[in-house]
Amino acid sequence: MQYKIIGEPMPVVECTLEAGESMVTERGSMTWMSANMQMSTSAGGKGGLGKMLGRAISGESIFQNTYTAQGGQGLIAFGSSFTGSIRAYQIVPGRSVIVQKSGYLASESGVQLSIHFNRKLGAGLLGGEGFVMQKLSGQGTAFVEIDGFAVEYDLAPGQTMIVNPGNIAVMDESVSMDVQSIKGVKNVLFGGENWFQTTLTGPGKIVLQTMTISGLAGALLPYLPKGNG
């Protein structure tokens, strides 16, 4: 499979497949394809009922669409659902990647998608948008949506970054995640920030996004027409 990412800030990833090669997506993100691409839809995919329910919780459809090139080279493109960028990740056994819920766009058929819960109780209870995430494992190329602009950091062992939960786009599985509350009553009441912030600790790479869908919706809300009722 060969690919190219084009068209930011509303990008698509255009994939060229050899005969018999397949791409998988968990929702209707296909934007165009050649006539020899055959689509099949299945419920659950790999992992049975448990992983199927996990994908539903993490914001993905329980159905998978598989597109396979028939009789020769085929082309298929997958488009992002929000202004930002698309990043490609090479998934290999033993090195999984954690992404924001609904961040997964498409992948080669060897990549497995499952739910990821934060290990620490605090993060699970208080992490807000960062609570339920997705795990990409197996082997193959996976494509992930980033909202806004992507900023990367390589955290050394023990190095910490404090992040708004909704701004976490991608991180290595080796990065640990916890939640801490903002200190000071005035900071909490009048600071205008979330009451809780996510602490990411290395080693590993993190990718932060400059925009969130919920943040954009909140910024636009005061300017939307008010109802009569």
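A residue is called buried here when its relative accessible area is under 20%. The structure shown in these views is a predicted model.

**View 1. Strand β6 is mostly covered.** Strand β6 spans residues 63-69. Of its seven residues, six are buried. The strand is joined by bridges to β3 and to β5.

**View 2. Strands β3 and β6 run antiparallel.** Strand β3 covers residues 22-25. Four bridges join β3 to β6. One residue pair can be picked out by name: Met 23 has Tyr 67 of β6 as its bridge partner.

**View 3. Strands β5 and β6 run antiparallel.** Strand β5 consists of residues 37-43, and seven bridges link β5 to β6. Gln 64 in β6 stands opposite Ser 42.

**View 4. Thr 141 lies in strand β13.** This strand is made up of residues 140-147. Thr 141 counts as buried because its relative accessible area is 6%, and the cut-off for buried is under 20%. The side chain of Thr 141 makes a polar contact of 2.9 Å with the side chain of Gln 90. When neighbours within four places in sequence are left aside, the residues in contact with Thr 141 include Ala 88, Tyr 89 and Gln 90. Met 1 and Tyr 3 also contact Thr 141, as do Ser 107, Glu 108 and Val 111.

**View 5. Gln 180 lies in strand β17.** Strand β17 runs from residue 176 to residue 181. Gln 180 counts as partly exposed because its relative accessibility is 33%, and partly exposed covers values between the buried cut-off of under 20% and the exposed cut-off of over 50%. Thr 198 is 18 residues away from Gln 180 in sequence. In space, the C-alpha atoms of Gln 180 and Thr 198 are 6.4 Å apart.

**View 6. The whole protein chain gives the setting for the close-ups, with four helices and 19 strands.** The chain has 229 residues, and buried residues make up 43% of them. Among contacts between residues at least 6 apart in sequence, 79% join residues at least 24 apart. The chain exposes about 11,600 Å². Carbon and sulfur atoms supply 58% of that exposed area.

Technical notes. Residues are numbered from 1 along each chain as its sequence is written. This is a predicted model: local features need pLDDT of at least 70, side-chain atom pairs count only at pLDDT 80 or more; totals for chains, interfaces and linings use all residues. Side-chain values use heavy atoms; hydrogens and water are left out. Buried means under 20% relative accessible area, exposed over 50%, partly exposed in between (1.4 Å probe, protein chains only). Helices (H or I, at least four residues) and strands (E, at least two) are DSSP runs, numbered from the N terminus. Two strands pair if DSSP finds at least two bridges between them. A polar contact is a pair of N or O atoms within 3.5 Å; within protein, one must be able to donate a hydrogen and the other to accept it, and residues adjacent in sequence count only if both atoms are side-chain atoms. Contact means heavy atoms within 4.5 Å. Accessible areas come from the Shrake-Rupley method with a 1.4 Å probe; for residues, only the protein chains shown count as cover.
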